[in-house]
Amino acid sequence: MKSRFITSVLLLFVATAAGAATPTYSTGGVDVYTPCGVPNLPWRVLSANKVAGWFNVAGFPAVSNWRNGDVWGSDFRNTGAPDDREPGGGSDLPQIYFYAGHGTCQDPPGPTDPDYISVCSQVGPDFNDIGATSGWGSQSGGNLQFLFLDASCPMDLISLGNEWFPVFRGLHVATGHSGTSSHDTLDSPDRSDVFATYAVGGGMFDLYGLVSLPIILLYPPLSVGDAWMASGLMDVESEVCAVAIAAGETEADAIDRREHERVTDGRSDPIPNWFGWKWICN
């Protein structure tokens, strides 16, 4: 079991929609990378904290909120190493997982090139080839339904079939960016925050100009795909694409989930016979 500190964010004015599902969630945020020889990302922990705050305000129970060295590579793996499916913070424990940190880009990527989640901890390996080492959902003995990756190039369009189709094992919808090492996703204090408000249906309430407090349901939640299409191009370089992919038993089911499924819908896990994806590029 991990001996790691939980980062929590307390927000006020909680309200939830009647009849809405209340999924569990976890977040992982890494902004300190210098021990691993790569640049720091100053806004990644803040981004994870903001997302956790909106999920808290929506009434979603938190499983874990790990930061920096407490985010382990084994949180994202279920094959290939003895410490896989780490019980204290694995990404397959909750129904929603949000990650903010480094990925790894090629220039340009090819159809068989890996997509990566890259952390920086003392419990390696820190590089996770998504297609080769990951799998999420009930068919893998996990719970994950929604995976949100705010990183560099973890969902390249050209390699979706090789890298992403195999990991949907009950997973409903995943989001990420497609790009290259010269057309990259930038560190951002706001992108994930805006995405989370769209996904849960929230906003900021200005109390007589004195203080801004978060309040839920100022507008209805958007579908996961629409929330990411509306926010994913904030603070990215040219030619970067925001991508959302969904699985379904039929083509119509996959398309419907891609277009309409929200985190609060409470839908059953899909049989991943078909995939539907969409993207928008800068």
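Biologist: How many bridges join strand β10 to β11?

Modeller: This is a predicted model. Strand β10 covers residues 241-248 and runs antiparallel to β11. Within that pairing, Gly248 stands opposite Trp274 of β11. The number of bridges joining β10 to β11 is 8.

Biologist: Which strands stand at the edges of the open sheet, each with a single partner strand?

Modeller: The sheet has 7 strands with mixed pairing, in the order β2-β1-β3-β6-β7-β10-β11. An edge strand has a single partner, so one of its sides is left without a neighbour in the sheet. Those edge strands are β2 (62-67) and β11 (274-281).

Biologist: By what angle are neighbouring strands of this sheet turned against each other on average?

Modeller: The sheet in question is the open one with mixed pairing. Direction is ignored for this average. The angle is 10°.

Biologist: Which strands does helix α1 touch as it packs on the sheet?

Modeller: Helix α1 spans residues 44-57. Its direction makes about 165° with that of β1. The strands touched are β1 (25-29), β2, β3 (96-100) and β6 (146-150).

Biologist: At about what angle does helix α5 run to β10?

Modeller: Helix α5 takes in residues 224-231. It lies across β6, β7 (173-178), β10 and β11. Its angle to β10 is about 175°.

Biologist: Why is α5 described as largely enclosed by the rest of the structure?

Modeller: Buried here means under 20% relative accessible area. In α5, Val224, Gly225, Ala227, Trp228, Met229 and Ser231 meet that mark. They pack against β6, β7, α4 (191-200), β10, α6 (251-260) and β11. The helix is largely enclosed because its buried residues number 6 of 8.

Biologist: Which element gives the largest share of the largest nonpolar core?

Modeller: That core has 29 residues, and Tyr99, Trp136, Leu147, Trp164, Phe168 and Ala174 touch the most other members. Two or more residues come from each of β3, β6 and β10. The largest share is 4 residues, and it comes from β10.

Biologist: How many residues are in the second, separate core?

Modeller: This core includes Val57, Ile96, Phe146 and Trp228. Of these, Trp228 is also one of the buried residues of α5. The second core has 27 residues.

Biologist: Is the aromatic pair of Tyr116 and Phe127 stacked or edge-to-face?

Modeller: The ring centres are 6.3 Å apart, with 85° between the planes. Planes over 60 degrees apart count as edge-to-face. Tyr116 lies in β4 (residues 116-118) and Phe127 in β5 (residues 127-129), so the pair ties together parts 11 residues apart in sequence. The pair is edge-to-face.

Biologist: Is Phe127 buried or exposed?

Modeller: Its partner Tyr116 counts as partly exposed, at 21% relative accessibility. Exposed requires over 50%. Phe127 has a relative accessible area of 54%, so it is exposed.

Biologist: How many residues apart are Phe165 and Trp277?

Modeller: Their ring centres lie 5.7 Å apart with planes at 50°, so the pair is tilted. Phe165 sits in the loop between α3 (160-163) and β7, and Trp277 in strand β11. Phe165 is partly exposed at 28%, and Trp277 is partly exposed at 31%. The two are 112 residues apart.

Biologist: What percentage of the contacts between residues at least 6 apart in sequence join residues at least 24 apart?

Modeller: The protein has 6 helices and 11 strands. Of its 282 residues, 55% are buried. The share of such contacts is 74%.

How values were computed:
Residues numbered from 1 in each chain as written. Predicted model: local features only at pLDDT ≥ 70, side-chain atom pairs only at ≥ 80, totals over all residues. Heavy atoms only, no water. Pairing = 2+ DSSP bridges. Axes fitted to C-alpha atoms, helices over the stretch in contact; angles between N-to-C directions. Contact = heavy atoms within 4.5 Å. Core = buried A, V, L, I, M, F, W, Y, C linked by side-chain atoms within 4.5 Å. Buried < 20%, exposed > 50% of the residue type's maximum accessible area, 1.4 Å probe, protein only. Phe/Tyr/Trp six-rings, centres within 6.5 Å; stacked < 30°, edge-to-face > 60°.
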